Amino acid sequence: MAHTQEQRRTFTDETTSVGVVGGGAWGTALGMHCARMGHSVLIWAREEEVVRDINNPEVQENTVYLPGHRVPDGLKATGSMDELVAHSSVFLMVVPTPFVAATVSSMKDKLKPHQIMVSCTKGILNDTLETTNQILQRVLPPPMHAQLAYLSGPSFAAEVAREQPTAVTVASTDGQVAQRIQTLLSTPRFRCYRTNDVEGVELGGALKNVLAIACGIADGLGFGHNGRAALITRGLSEVTRLAVALGAHPLTMGGLAGMGDLVLTCTGDLSRNRTVGVRLGKGESLADITQGMKAVAEGILTSRAAHDLAAKLHVEAPIIDGIFRVIHEGADPVAVVTEVMSRGLRTEVDDEVT
């Protein structure tokens with residue numbers, strides 16, 4: 001797809017060296033975006049095939065996770081973490097949540113104080129119920145904590161790769177870090193907003209994957225548009241209660257990292273999590289579904305963490321509880337829907353005066 005110079009215009013003349021930690025579809029798409037902006041981009045990937053095909057001038061694409069999208073000339077790949085760390089001023093960390101701690105631990109002794117790490121991972125660790133922010137705070141030395149940022153929002157990798165208009169949120173407790181990443185990544189085709197609500201951005205990005213599976217199941221069962229709208233709306237209410245209990249600002253959940261990402265993932269056919277749900281709703285087993293998947297559907301793992309978090313915090317979350325029982329306990333989806341819809345009647349807004 002050809003674009004005009006105006007569409008490629010950036011909001012800064014600064015270019016920098018970007019290291020993408022993870023060679024999946026989302027990491028590759030972000031790397032492509034940064035390379036188009038003029039940044040020098042190096043992607044670290046475990047898979048030798050990913051590194052080989054990206055670097056091969058006759059192929060020049062991620063044939064494993066993002067086939068059909070030729071990467072720009074300014075993007076290269078490596079299997080060496082040492083090479084990645086030496087190259088990069090800014091890291092985009094895009095590995096699945098269960099691998100964040102080990103991956104960052106392999107980097108931390110090589111990091112320099114000026115390097116910024118931007119987490120683009122969406123999930124909650126099952127064992128400890130930690131968000132990516134909490135994992136990074138635990139693993140990285142304290143001087144690096146101010147150099148952390150978090151990117152989330154409604155953003156399918158394939159559409160970013162095609163330069164279709166996208167808007168996301170960048171969060172950091174350090175306003176200057178948030179503003180710098182916002183400026184370094186923004187173009188008229190990829191617009192970044194910024195916030196200091198790290199908890200809200202993290203939780204919105206993680207928990208929406210669980211609800212996307214629920215919406216997929218409803219679609220697979222043929223429950224219609226009314227049911228999907230109810231799941232999205234009441235699901236957002238549950239996500240907001242959980243996020244606020246963990247220190248997030250409620251308005252964040254109505255923004256790009258909350259409602260925006262939720263709507264996209266619950267309705268878009270490119271959503272891996274919604275696809276898992278559709279197949280579950282049509283009667284396939286979870287084992288058969290996951291066996292053939294190249295990329296991780298984070299909502300499968302996060303459904304357990306979300307359920308456990310709600311129980312730990314005494315937050316009412318019947319939809320999250322229901323999807324946990326369907327995925328992990330083999331509960332019948334139709335019975336779960338009937339149970340959730342048959343609960344005692346109540347006001348819609350939690351603090352509404354009755």
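Guide: Welcome! Exposed means over 50% relative accessible area, buried means under 20%, and partly exposed lies in between. Please keep in mind that the model we are looking at is predicted.

Visitor: Thanks! Let me start with His314: is it buried or exposed?
Guide: His314 is located in the loop between H14 and H15. Its relative accessible area is 73%. Because the cut-off for the upper class is over 50%, His314 counts as exposed.

Visitor: What is the phi of His314?
Guide: Most residues other than glycine have a negative phi. His314 is not a glycine, yet its phi is positive. The value for His314 is about 55°.

Visitor: Which residue in the loop between helix H3 and E3 is not a glycine but has a positive phi of about 55°?
Guide: Helix H3 spans 48-55, and the residue you want is in the loop that leads from there to E3. It has a relative accessible area of 7%, so it is buried. The residue is Gln60.

Visitor: On to the sheet: in what order do the eight strands come?
Guide: The sheet is open and its pairing is mixed. Strand E3 (75-78) and strand E8 (190-195) each have a single partner strand, so they stand at the edges. Reading from one edge to the other, the order is E3-E2-E1-E4-E5-E6-E7-E8.

Visitor: How many bridges join E7 to E8?
Guide: Strands of a sheet pair through backbone hydrogen bonds, either parallel or antiparallel. E7 and E8 run parallel. Thr166 stands opposite Phe190 in E8. The number of bridges joining E7 to E8 is six.

Visitor: At what angle does H2 run to E2?
Guide: H2 lies across several strands, including strand E1 (17-21), strand E2 (40-44) and strand E4 (90-93). Helix H9 (residues 198-220) also packs on the sheet, and its direction makes about 40° with that of E6. For H2 against E2, the angle is about 165°.

Visitor: How many salt bridges does a search of the whole structure find?
Guide: Some of them form a network, which links Asp219, Arg228, Asp269 and Arg274. There are also pairs such as Glu339 with Arg325, whose closest N and O atoms are 3.1 Å apart. For the whole structure, the total is 15.

Visitor: How many residues apart are Arg36 and Glu163?
Guide: The side chains of Arg36 and Glu163 form a salt bridge, at 3.4 Å from N to O. Arg36 belongs to helix H2 (residues 25-36), while Glu163 is in the loop between helix H7 (157-161) and strand E7 (166-171). The pair therefore links distant parts of the chain, with Arg36 partly exposed at 22% and Glu163 buried at 11%. Their separation is 127 residues.

Visitor: Which residue meets Glu316 in a salt bridge?
Guide: The N to O distance in this salt bridge is 2.8 Å. Glu316 lies in the loop between helix H14 (298-313) and helix H15 (318-329) and its partner in the segment after helix H16 (333-341), so the bridge ties together parts that are 30 residues apart in sequence. Glu316 is partly exposed at 41% relative accessibility, and its partner is partly exposed at 40%. That partner is Arg346.

Visitor: At which residues does UniProt place the feature "binding site"?
Guide: The annotation comes from an unreviewed UniProt entry. The residues spread over 152 residues of sequence but cluster in space, with a largest C-alpha distance of 13.1 Å. The lining of the largest pocket includes them. They are Lys122, Arg272 and Asn273.

Visitor: Is Asn273 buried or exposed?
Guide: Asn273 lies in helix H12. Leaving aside neighbours within four places in sequence, it is in contact with Asn209, Ala212, Ile213, Ala297, Glu298, Gly299 and Ile300. Its relative accessible area is 6%, under the 20% cut-off, so Asn273 is buried.

Visitor: And what is the relative accessible area of Arg272?
Guide: Arg272 is found in helix H12 (residues 272-281). Not counting residues up to four places away in sequence, Arg272 touches Met293, Ala295, Val296 and Ala297. Arg272 is partly exposed, with a relative accessible area of 39%.

Conventions. Residues are numbered from 1 along each chain as its sequence is written. This is a predicted model: local features need pLDDT of at least 70, side-chain atom pairs count only at pLDDT 80 or more; totals for chains, interfaces and linings use all residues. Side-chain values use heavy atoms; hydrogens and water are left out. A salt bridge is a side-chain nitrogen of Lys or Arg within 4 Å of a carboxyl oxygen of Asp or Glu. Helices (H or I, at least four residues) and strands (E, at least two) are DSSP runs, numbered from the N terminus. Buried means under 20% relative accessible area, exposed over 50%, partly exposed in between (1.4 Å probe, protein chains only). Two strands pair if DSSP finds at least two bridges between them. Contact means heavy atoms within 4.5 Å. Axes are lines fitted to C-alpha atoms, for helices over the stretch in contact, and angles run from 0 to 180 degrees between N-to-C directions. UniProt positions are given in the numbering used here, feature names are shortened, and annotations may be inferred rather than shown by experiment. On a 1 Å grid over the protein atoms alone, a cavity is a set of points where a 1.4 Å probe fits but cannot get out, and a pocket is an open set with protein on both sides within 12 Å along at least five of seven lines; lining residues have an atom within 4 Å of a point.
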